[in-house]
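Good morning, and thank you for joining. I would ask you to keep the model in view while I speak.

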Amino acid sequence: MSKLTFHDFLKTFNEIYSASSGVYHMLAKQFGLSDCAFWILYTARERNSPFTQAELCVALSLPKQTVNSALKALEREGYLVLRTGEKNRREKYIELTSSGAAFAGRTVDHVFELERRAFLQLAPEERGLLLQISEKHLLALRREAEDFCGGEEALPRAD
């Protein structure tokens with residue numbers, strides 16, 4: 001590959017990121033879900049254990065209001081319940097109902113399967129390299145953003 005300029009890198013990187021987001025938007029739409037509702041179900045299925053609304057906002061990098069609206073819609077549909085935390089009454093834990101688990105089985109489980117098939121199209125070395133480079137880039141970007149923000153943690157950490 002010829003020498004890659006920063007401008008070319010940024011343009012291509014952003015196009016890939018946008019196209020990837022577009023694929024998930026298309027899938028959410030296929031299931032009749034908003035993007036946020038899709039990601040809530042996806043996260044619930046992926047974690048397979050209760051988690052708080054605050055944890056979800058960090059994991060999805062979405063504002064509390066956006067997440068709350070989607071949660072309320074999914075709760076009205078009977079797909080999840082919000083349970084008050086035992087130690088902190090202000091915390092709301094998100095749990096799929098049996099109906100929600102069945103719905104996730106008909107929707108996001110298909111996404112997991114197509115992601116698995118896409119994963120298998122990469123060689124084992126490529127899979128590891130993709131994760132290694134992505135993580136290295138994220139850490140560098142986070143450091144730069146924290147420096148820019150005066151040393152404060154720029155982004156909430158999902159880890």
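I shall discuss the core, then a loop residue, then a surface patch.

This is a predicted model, in which local features need pLDDT of at least 70 and side-chain atom pairs count only at pLDDT 80 or more, while totals for chains, interfaces and linings use all residues. Residues are numbered from 1 along each chain as its sequence is written, and side-chain values use heavy atoms, with hydrogens and water left out.

The largest nonpolar core (buried Ala, Val, Leu, Ile, Met, Phe, Trp, Tyr and Cys residues joined through side-chain atoms within 4.5 Å; buried means under 20% relative accessible area with a 1.4 Å probe, protein chains only) has 27 residues. Phe38, Ile40, Leu56, Leu71 and Leu74 have the most contacts inside it. Among the elements that each supply at least two residues of this core are helix 1 (6-30), helix 2 (35-47) and strand 2 (80-84). Helix 2 gives the most, with seven residues. Helices (H or I, at least four residues) and strands (E, at least two) are DSSP runs, numbered from the N terminus.

Beyond four places in sequence, Ile40 touches residues including Phe51, Leu60, Val67 and Leu80 (contact: heavy atoms within 4.5 Å).

Thr97 lies in the loop between strand 3 (92-96) and helix 5. Its side chain reaches the backbone nitrogen of Gly100 at 2.9 Å. Leaving aside neighbours within four places in sequence, Thr97 is in contact with Gly78, Tyr79, Leu80 and Val81.

Finally, is Tyr17, in helix 1, buried or exposed? Tyr17 is exposed (over 50%), with a relative accessible area of 57%.

Key:
Polar contact = N/O pair within 3.5 Å; in protein donor to acceptor, adjacent residues only side chain to side chain.
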